[in-house]
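Please open the model in your viewer and keep the sequence panel beside it, since the tour moves from one selection to the next.

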Amino acid sequence: MPNLKIGNQASVAAAVALTIGGLWTPRAFSQTKLTGNKAVVAITARTTLGNFKATLKTLSDMGNRQVIDTVPSESNKIAVAWLVKELDTLGYRDVTIFGTYRSIYCTKVGTISPDSMYMICGHLDGVGGFGGALDDDGSGTALVLECARAFAGPAITTRCSIRFIMSNAHEGGYCGANEYSSKRRALQGKEDPPGSKQYPEPVWLGFINQDMILYDHGSPPGPVQIPGASTRIDYCTFSYTEGSLSIANQLIAIDKVISATYPAELATSLGAFDAIAFMNYCPTVSVEEGSGYLNNPYHHDDADVYATYSEADFALGFCATQREVATLASLTQATITGDTPAKSEFPAAHTAPSSPSLSFLARQHELTIAANSRGTHTVTLSSVDGTTIISRTGQGRMSYSLGTESIGAGLYVVTMNADGNTMQKTVLAAR
Ligand SMILES: [Zn+2]
């Protein structure tokens, strides 16, 4: 993983790039609040935790949904057939099984700009013996299905289009996502047939990927969800940086409104995800559980099944689902008419006040420290003998990234003073 730095973004309110030796980059997030947008609230309220969990259980019970080379397993075929039927039932008219790898997509067609779209994606296949590939990536797939459900039907309109993508054969090397990107990007914005006002591949305004969003039990992972569990929103800094950051900021801003307990973190460690297939062609973000996929011990394991996860884990994923629905509604200036939305279903955990929390994401060449406090916090990185290396002060939800080449691999102590509490944890930095 390369050592990535945030750039200079005027669009991030109060984002100040403070660096010591070019290393230490704290970020403050946009304080933009969504207020009074009834359509966003009503469309988001069409998602339910019950539907999200039912989809997770169905996918898990099917099995690992593996594709070997180009050959889908029986469970993969069953999953594709089931998902296609669900999308059909929701009323989408263009449900397509695409290409050699049998990825699925369908479209909410925009009323003003049907020739451009946002894409939201999770991969439907998995690996792991007798497991159910539930977190990886039944969770992202369930999120995409919930998004499709939220925008289904004529009562909802969007200015531009939204494409719901369930990529396939990801575990063989992002095969489905690569196939989609390579075969379809040249078709962008072309009206086909001419004069029909139909655009089989609208112009790509952005790609939002979800890969593993249920499990944040810390690093190293413990038996239960950590306080301050989060999902992390990585935006691409290789290309389309400004657009990628803009989408990420929108997700963060909406997250602040809808989630008190499960804060989203902004980060730049866009990893080995389907997003890679799109990042050179449009703004790209990728959403992952806060402590990173390597801190789910059930990843690619027999135990990645529905019964392994707790209500708190499901609530974390559902919170991300509602955030993505709300963000798409906002990005596409969606409206809702003639419909009586269900009462919003937020798990009780969402309304609990946030308490100070400190967590880490350690990756090759980079250590990210996520701090969350009501008031001001001070985060200090020290060597194990107590020598202060770097100290930074921030407020609210912040993440700090540190390239580890200069400090070297090894154990470090991170101390946070916030809201009258002192928290201290050791962290292993990797090179
Ligand atoms: Zn995955």
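Which residues of strand E5 lie on one side, which lie on the other, and are they buried or exposed? To find out, select Ser 103, Tyr 105 and Thr 107, which share one side of E5, and then Ile 104, Cys 106 and Lys 108, which take the other side; they are all buried, and both faces of the strand are covered. In a regular strand, side chains alternate between the two faces of the sheet. Please bear in mind throughout that this is a predicted model.

**The whole chain**

Before going further, colour the chain by secondary structure, and you will be looking at 7 helices and 18 strands. The chain has 431 residues, of which 53% count as buried. Among the contacts with a separation of 6 or more, 76% are between residues 24 or more positions apart.

**Strand E5 and its partners**

Return to E5, which spans residues 103–108 and is mostly covered, with 6 of its 6 residues buried. Add strand E4, residues 96–98, which runs antiparallel to E5 and is joined to it by 3 bridges. Within this pairing, Ile 97 has Ile 104 of E5 as its bridge partner. The hairpin of E4 and E5 has 4 residues between the strands, and here you can pick out Gly 99, which takes a positive phi near 75°.

Next, select strand E8, residues 160–167, which also pairs with E5: the two strands run antiparallel and are joined by 5 bridges. To see where they face each other, label Cys 106 and Phe 164, since Cys 106 stands opposite this residue of E8.

**Helix H2 against helix H4**

Now leave the strands and select helix H2, residues 49–62, together with helix H4, residues 134–151, whose axes come within 9 Å and cross at roughly 135°. H2 and H4 are therefore oblique to each other, and their crossing is right-handed. To view the contact itself, show the side chains of Asn 51, Phe 52, Thr 55, Leu 56, Leu 59 and Ser 60 in H2, which meet a set of H4 residues including Leu 134, Ala 142, Leu 145 and Arg 149. Sorted by class, the contact of H2 with H4 has 6 nonpolar, 6 polar and 2 charged residues.

**Helix H2 against helix H7**

Keep H2 on display and replace H4 with helix H7, residues 311–331, which packs with H2 at an angle of about 115°, the axes being 10 Å apart. That makes H2 roughly perpendicular to H7, and H2 passes H7 in a right-handed crossing. On the H2 side the contact holds Leu 49, Phe 52 and Lys 53, which meet Phe 314, Gly 317, Phe 318 and Thr 321 in H7. The residues of this contact divide into 4 nonpolar, 2 polar and 1 charged. Phe 52 is worth a label of its own, for it takes part in the contact with H4 and in the contact with H7.

**Ser 244 in helix H6**

For the last stop, centre the view on Ser 244, whose place is in helix H6, residues 241–258. Is Ser 244 buried or exposed? Ser 244 counts as buried because it has 28 C-beta neighbours inside 10 Å. Leaving aside residues up to four places away in sequence, Ser 244 touches Tyr 235, Cys 236, Pro 283, Thr 284 and Val 285. Finally, draw a distance between the C-alpha atoms of Ser 244 and Ile 208, which are 36 residues apart along the chain and are separated by 9.3 Å.

Terms used: Residues are numbered from 1 along each chain as its sequence is written. This is a predicted model: local features need pLDDT of at least 70, side-chain atom pairs count only at pLDDT 80 or more; totals for chains, interfaces and linings use all residues. Axes are lines fitted to C-alpha atoms, for helices over the stretch in contact, and angles run from 0 to 180 degrees between N-to-C directions. Angles under 35 degrees count as roughly parallel, over 145 as roughly antiparallel, 65 to 115 as roughly perpendicular and the rest as oblique. A crossing is left-handed if the near helix is turned anticlockwise from the far one by less than a right angle, and right-handed if clockwise. Two residues are in contact if their C-beta atoms, placed from the backbone, lie within 7 Å. Ala, Val, Leu, Ile, Met, Phe, Trp, Tyr, Cys and Pro count as nonpolar, Asp, Glu, Lys and Arg as charged, and the others, Gly among them, as polar. A residue is buried if 20 or more other C-beta atoms lie within 10 Å of its own, exposed if 12 or fewer, and partly exposed in between; C-beta atoms are placed from the backbone. Two strands pair if DSSP finds at least two bridges between them.
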